Amino acid sequence: MQGESLLSAIFRAQDRFIGLAGQDPEFVGRAHAEQIRAVVRLTPAMMLGNLFSIAAILVAYSTHAALPFLLLWSLVLAFMMVRAMRAWLQLRQGMMRDWASPRAIHRATVNAALFGAIWGIMPTIAYPDAGYGQQLVVTAVITGMLSAGSFALSALPRATLVFLIPVTLGSTLALLARDSAVDAVLGFLQFALLAIALLASHHHARMLVAHLKAEKDALEQKSVIGLLLKSFEDHASDWLWHLDETGRFRDVSLRFAEAAGLHARHLEGAHAPVLLRCAEAGRASTMRLLLAFRRRRAFRDVEIGLRIRGTLRWWRVSGEPAYDNRGRFTGFRGVGSDVTEARESADRLSYLAHFDGVTGAVNRGRFNELLAGLTARASLRQAPFAVIYVDLDFFKAVNDRHGHRTGDLLLAAVVARLRVLLPPETIIARLGGDEFAIALENPGSEADLSALAAGIIAHLSEPFEIGEARVVIGASLGLVLATRAIPVESLLHQADLALYMAKGAGRRTFRFFRPDMEDRQREQALLEADLAQAIARGELELHYQPFVRSPRGSTAGFEALLRWHHPERGTIPPAIFIPLAEKSSLINRIGDWVLHEACRAAASMPGDLVMAVNLSSRQFEQGHLAADIRAILAETGLAPQRLELEVTESVLIDNPDAVIECLRELKALGIRIAMDDFGTGYSSLSYLWRFPFDKIKIDGAFIAAMTQDQTARDIVQAIAMLTRQLGVNLTAERVETEEEMRFLREIRCDYLQGYFFARPMPLVDAAAHLLTETRRRSRAGHSGRRKHLAA
């Protein structure tokens, strides 16, 4: 029992050394089966060696007395050899299992021990009383068996151990029994050989187990990969594909078949290169793919376009050549995905990077690129070219009244009209909002370009039918006619300057760029900078022009008119600095100051006088004008009925709904609302219908013309009749002659204003004017009473 326990401990130590200890039983069984298979695989060579060794022994001892014993020994060994060959035949016929139990290992170990015992007995029989030659044969045979046995049994260390130890012990004992120094050395050498053989066997077995572990891990990894691939095929949008060595599809998955729009059986065996040559898009990528197949090279993220069920679909494929264990090419394997949506999104992004998404015109960045190319070509050919900036008039009103959807459709319709009107090679760009740019090659002379500009304005001024809405807009144009190469930035700056001048001259007109425009712009920039400081420096002042009651000529109120006293330039007319203020945000600060000053002045005047103040469209854009005026009235103590706010038609055109809503709120406070410059716009009557104005002011141009133009006289008289029917007061401004005054009184104009009565004056002079008028009325009253008493 003690010996068995010692042997078991040795076997366990061997298992730990070779790496079998602690492994799961399944793996241990597979490792044992492989160990047994490795031993059995070398059985024929081992048995052949045994056979030659037996023959050598029997020949050497043919005349020796130990021959009968050796014959019996040979028969026992032959029996063991037959059993070993039987196991080999089972292995060859595939009867060996892939898993071996501990019992099988035990049998293999026992067989090895029996072989070792049989060979260990032989020297003890043959060595005594043997001649030198016979002893040499035995020593050679034993040494050979030690070497061959350790090699053949190296996969199974325990078998190696139980085979080599009996052989070595038997041989060594036989050598030591002869009491010879040479034989003792031979015995020692055999023990050294035993140690070396055992060490080699254990390392060989360790390598075998490590190899089996690696195979096990690889199988597990392959299983996991298989599961992942199956999950990938079941749930991912991508698919796997496989080509054999001839380029035909194999193992077609359902997802791949679905992506191709075919049944899997129709794809199976189809020749991939033939299908790829039918690709409708991405030809360069297709050729790259075919070249990779031909040269057996890996490829990645190649995009090809295929017509599938009548629709162009884009695939992105990656793949690499596959080889078997012998290095033979077996085809290609890879993954593919449908990237049509991503491709369309990328194309859309690329489109939006160069084109306007609303109108289809090129955007600002792309226009600059194309314009640079155009200027370069024109410079080489020494041919003229032109740049036109287009700004739509009244577009904001359309946007606010009909909504942004209608506004977008209108912008697209504008571009469509421009394309019909302009040559096909013309570059049309939307710069943003309602601003467009046009670049023309060979535009002709300035007269030709003027005719084209007039045509653009005329076409864009015609009504647009947008859905159920009928909208009317206009356009202002800035033009640059270049006859030499000019930097793009300079061209655009010049076109913008020309557009600014066109807008300053009125709507629906155009201006060519002139060199002096830059000087004027610089001048205006300096003036604008000074205007920004005018309030703080006390340079702004209000003058007040009275308007009188028509029948009696008494002052009914004043209109507040702004003046700017520049310290270096002197008095600057409002016609110059008011447009500058309206262009920037200064008009809001200035307008707020004017309202404060005018209301403060009115509060200091007699209680029945009205103060009229003009409003800019920019003041309405803030969205809190009504609240600001309410606060100003509260601050100055002016009654709302004494404040009259004047708006022009242009204020209403820019944003009619919002402006009218604000005016209603102001009117609800008791403030009087007047329409200024009536008769000069396109829609004055429509605004009279939409909003109940308290007063209408006839534009001074009609008053100035009516003494010499019967048509102007008739228009003024018609306006007077209209206001009486509507119950609206009428004011005529710019009255300068007695003839004008008499006619206006005859048609019963309610209020008159102009130089005939008084020029605009500072507040001190306005107070003096009122005092003079009061004294005059007082003297007139006393005179009337004296005449009455005298009568």
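Helices (H or I, at least four residues) and strands (E, at least two) are DSSP runs, numbered here from the N terminus. The structure is a predicted model, in which local features need pLDDT of at least 70 and side-chain atom pairs count only at pLDDT 80 or more, while totals for chains, interfaces and linings use all residues. Residue numbers start from 1 along each chain as its sequence is written, and side-chain values rest on heavy atoms, with hydrogens and water left out.

A good place to begin is glutamate 268, found in the loop between α10 (264-267) and α11 (272-276). This residue is partly exposed, with a relative accessible area of 34%; buried means under 20%, exposed over 50%, and partly exposed in between (1.4 Å probe, protein chains only). Contact means heavy atoms within 4.5 Å. Not counting residues up to four places away in sequence, glutamate 268 touches Phe249, Arg250, Asp251 and Val252. Polar contacts are pairs of N or O atoms within 3.5 Å; within protein, one must be able to donate a hydrogen and the other to accept it, and residues adjacent in sequence count only if both atoms are side-chain atoms. The side chain of glutamate 268 reaches the backbone nitrogen of aspartate 251 at 3.1 Å, and one of its polar atoms lies 3.1 Å from the backbone nitrogen of valine 252.

Arginine 430 offers another view, this time from strand β6 (residues 427-432). With 14% relative accessibility, arginine 430 counts as buried. Its side chain joins that of aspartate 356 in a polar contact of 3.2 Å and reaches the backbone oxygen of glycine 433 at 3.0 Å. Leaving aside neighbours within four places in sequence, the contacts of arginine 430 include Asp356, Val358, Leu411 and Phe436.

Helix α17 (residues 446-461) comes next. Its 16 residues reach 22 Å from first C-alpha to last, close to the 22 Å expected at 1.5 Å a residue, where the expected span is 1.5 Å times one less than the number of residues. Among the buried residues of α17 are Leu449, Ala453, Ile457 and Leu460. The buried residues of this helix pack against elements including β5 (385-393), α16 (404-421) and β10 (474-482).

Finally, glutamate 268 can be set against a distant partner: arginine 364 is 96 residues from glutamate 268 in sequence and 52 Å from it in space, C-alpha to C-alpha. Arginine 364 is also one of the residues in contact with arginine 430.
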